[in-house]
Amino acid sequence: MDLELRHLKTVRAIAEAGSLTRAATALGLAQPALSAQLKRIERALGGALFVRGRDGVRATALGDLVLDRARVVLPAVCELQEEAVRFARDGAAGYRLGGTHGPLLGGLVDRLARADPEARVTTYTSWSEREVAGGVAAGRLDFALVGVCGESSPPEVGRLAWTEVARDPVYVMLATGHPLAARPHVALAELAAEEWTDVPGDGCFGDCFAAACVRAGFTPARVYETDTASCVHLVQVGRAVGLCRATFPATPGIVARPLTGAPLVWRHLLGWHPEGRAAGHAPTVLAHARDAHAEALARSAGRTAAGAVF
């Protein structure tokens, strides 16, 4: 793993908070997720950065070295970003879009490009909703197209304006030969013996899924966290079942079925800086995003395989 600026921000947050619990709260993460992230950072840097004690954590000698460098690097990068944003503010008109994995970003790009062929449309994608939202807050991007679990708050909620594009139940992906594939709905409890696959992310979806499984009476035996193409392959060959949005496109060898009672919900959100250069275009972009969602839903695996979207 290569060290990134977000890793330095994480180390700084832990040091400032004085404990992993308080740092996790400040970063909007679950403590186990933060602990796992810290371990990956420590492996990349070759040693422990903090020592845990009864009163919290304190930096090791290596941790002090990293923190000293972070205090120089992070402000310098922030200043560079601000200067670059000011420099680019009067540049050519266009749309700088950021998004996570899923079909909506491509649909939005297509619609904007067709509506205004002269506008320059650029994209930035990341597994991290926080990274995409941070790009909008810092002025590097105009719009963020991300998703959150249930009623969770989106990143940068105090700095960005967020509007819901659509709200979908979460589906389960099954191989076409799976015993439950012919069912119109599948209860989560019926999948207790399955292995699972999912894409990474830094929101609370993993925790929400785990909690839903506990309510259904089981704990997932194994979860393969990997890229979208690998998730699809694992489902197609019957190695695992996966979770997907209702907009998951029709895919050979896979059916998507709604979970009984909709225990998990995904909200598609569009965010922008209210004082950003493109804020005036927000109504137009939002309308295109909603049209892209409707189009993706019409082409989805749930509608194609089951005949309707539940």
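Biologist: Where does strand β5 lie in the chain, and how many of its residues are buried?

Modeller: Strand β5 covers residues 143-149, and 7 of its 7 residues are buried. Keep in mind that this is a predicted model. Buried here means under 20% relative accessible area.

Biologist: Which residues of β5 are on one side, and which on the other?

Modeller: Phe143, Leu145, Gly147 and Cys149 are on one side, while Ala144, Val146 and Val148 are on the other. Every one of these is buried, and both faces of β5 are thus covered.

Biologist: Which strand do 3 bridges join to β5, and is the pair parallel or antiparallel?

Modeller: To read a pairing, take the bridges and the direction together. Strand β3, residues 94-99, is joined to β5 by 3 bridges, and the two run parallel. For a single pair to look up, take Gly98, whose bridge partner in β5 is Ala144.

Biologist: What about β12: how many bridges join β5 to it, and in which direction do they run?

Modeller: Between β5 and strand β12 (residues 265-272) there are 7 bridges, and these strands run antiparallel. One of the partners can be found from Cys149, which is bridged to Trp266 in β12.

Biologist: How many residues lie between β1 and β2 in their hairpin?

Modeller: The hairpin of β1 and β2 has 2 residues between the strands. β1 spans residues 50-53 and β2 residues 56-59; 4 bridges join them, and they run antiparallel. Within this pair, Arg52 has Val57 of β2 as its bridge partner.

Biologist: Moving to the whole chain, how many helices and strands are there?

Modeller: The chain holds 10 helices and 12 strands. Its radius of gyration is 21 Å, close to the 19 Å that the globule rule gives for 310 residues, so the chain is as compact as a globular protein of that length. Along the principal axes, its C-alpha atoms fill a box of roughly 60 × 55 × 30 Å.

Biologist: What share of the 310 residues is buried?

Modeller: Buried residues account for 44% of the 310. The accessible surface of the chain is about 15,500 Å², and 54% of that belongs to carbon and sulfur atoms.

Biologist: What share of the contacts joins residues at least 24 apart?

Modeller: Take the contacts between residues at least 6 apart in sequence: 73% of them join residues at least 24 apart.

Biologist: How many positive and negative side chains are there, and how far apart are the centres of the two sets?

Modeller: The chain has 33 positive and 32 negative side chains, with the centres of the two sets 3 Å apart.

Methods
Residues numbered from 1 in each chain as written. Predicted model: local features only at pLDDT ≥ 70, side-chain atom pairs only at ≥ 80, totals over all residues. Heavy atoms only, no water. Rg over C-alpha atoms; globule rule 2.2 N^0.38 Å. Buried < 20%, exposed > 50% of the residue type's maximum accessible area, 1.4 Å probe, protein only. Contact = heavy atoms within 4.5 Å. Areas by Shrake-Rupley, 256 points an atom, 1.4 Å probe, with all protein chains shown as cover. Lys, Arg positive; Asp, Glu negative; His and termini not counted. Charge placed at Lys NZ, Arg CZ, Asp CG, Glu CD. Pairing = 2+ DSSP bridges.
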